[in-house]
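I set down here, in order, what I looked up in this structure. The entries begin with helix packing and end with the chain as a whole.

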Amino acid sequence: KSITVAITALEGAASMNNTFCLSIFMGLIFFRGLAWAYTAETLTIVLVEFILGIMLQGKLLTHYGGFVIIAIFPLSIVLVAFLKGFGFN
């Protein structure tokens, strides 16, 4: 029971940290009138959060799910490179 609570707390903290930092970053861009050149990175962060949110809705996380979660990091780097190749700044 205690490991479930700990993992749930870590998942919530990671999601809140990503959302909070992204909103601060977007606020700085908007209020300071800076040039926006981070579309690929922002889309990738939002996509990863949605994928993890959907995956972690279940009650049971298998080894396969764990490997998919670990694979998301290198795949997100590939996605950023792919999006930049198509002209997203």
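Entry 1, packing. I looked up how helix H2 (residues 39-55) lies against helix H3 (residues 63-85) in this predicted model. The two pack at an angle of about 160°, and their axes are 9 Å apart. Angles over 145 degrees count as roughly antiparallel, so H2 is roughly antiparallel to H3. I also noted that the crossing of H2 past H3 is right-handed.

Entry 2, contacts. Which residues of H2 meet H3? On the H2 side I listed Ala-40, Glu-41, Leu-43, Thr-44, Leu-47, Val-48, Ile-51, Leu-52 and Met-55. On the H3 side their partners are Gly-65, Val-68, Ile-69, Ile-72, Ser-76, Leu-79, Val-80, Leu-83 and Lys-84.

Entry 3, elements. I found three helices and zero strands in the protein. From the N terminus on, the order reads α-α-α.

Entry 4, dimensions. The radius of gyration of the protein is 16 Å, whereas a compact globule of 89 residues would have one near 12 Å. I recorded a span of about 50 × 30 × 15 Å for the C-alpha trace along its principal axes.

Entry 5, burial and surface. How many of the 89 residues, as a percentage, count as buried? The value is 12%. The accessible surface comes to about 7100 Å², and carbon and sulfur atoms hold 76% of that area.

Entry 6, contact range. I took the contacts in the protein with a separation of 6 or more and looked up their range. Residues 24 or more positions apart account for 58% of these contacts.

Definitions and conventions
Residues are numbered from 1 along each chain as its sequence is written. This is a predicted model: local features need pLDDT of at least 70, side-chain atom pairs count only at pLDDT 80 or more; totals for chains, interfaces and linings use all residues. Side-chain values use heavy atoms; hydrogens and water are left out. Helices (H or I, at least four residues) and strands (E, at least two) are DSSP runs, numbered from the N terminus. The radius of gyration is taken over C-alpha atoms; the globule rule is 2.2 Å times the number of residues to the power 0.38. Buried means under 20% relative accessible area, exposed over 50%, partly exposed in between (1.4 Å probe, protein chains only). Contact means heavy atoms within 4.5 Å. Accessible areas come from the Shrake-Rupley method with a 1.4 Å probe; for residues, only the protein chains shown count as cover. Axes are lines fitted to C-alpha atoms, for helices over the stretch in contact, and angles run from 0 to 180 degrees between N-to-C directions. Angles under 35 degrees count as roughly parallel, over 145 as roughly antiparallel, 65 to 115 as roughly perpendicular and the rest as oblique. A crossing is left-handed if the near helix is turned anticlockwise from the far one by less than a right angle, and right-handed if clockwise.
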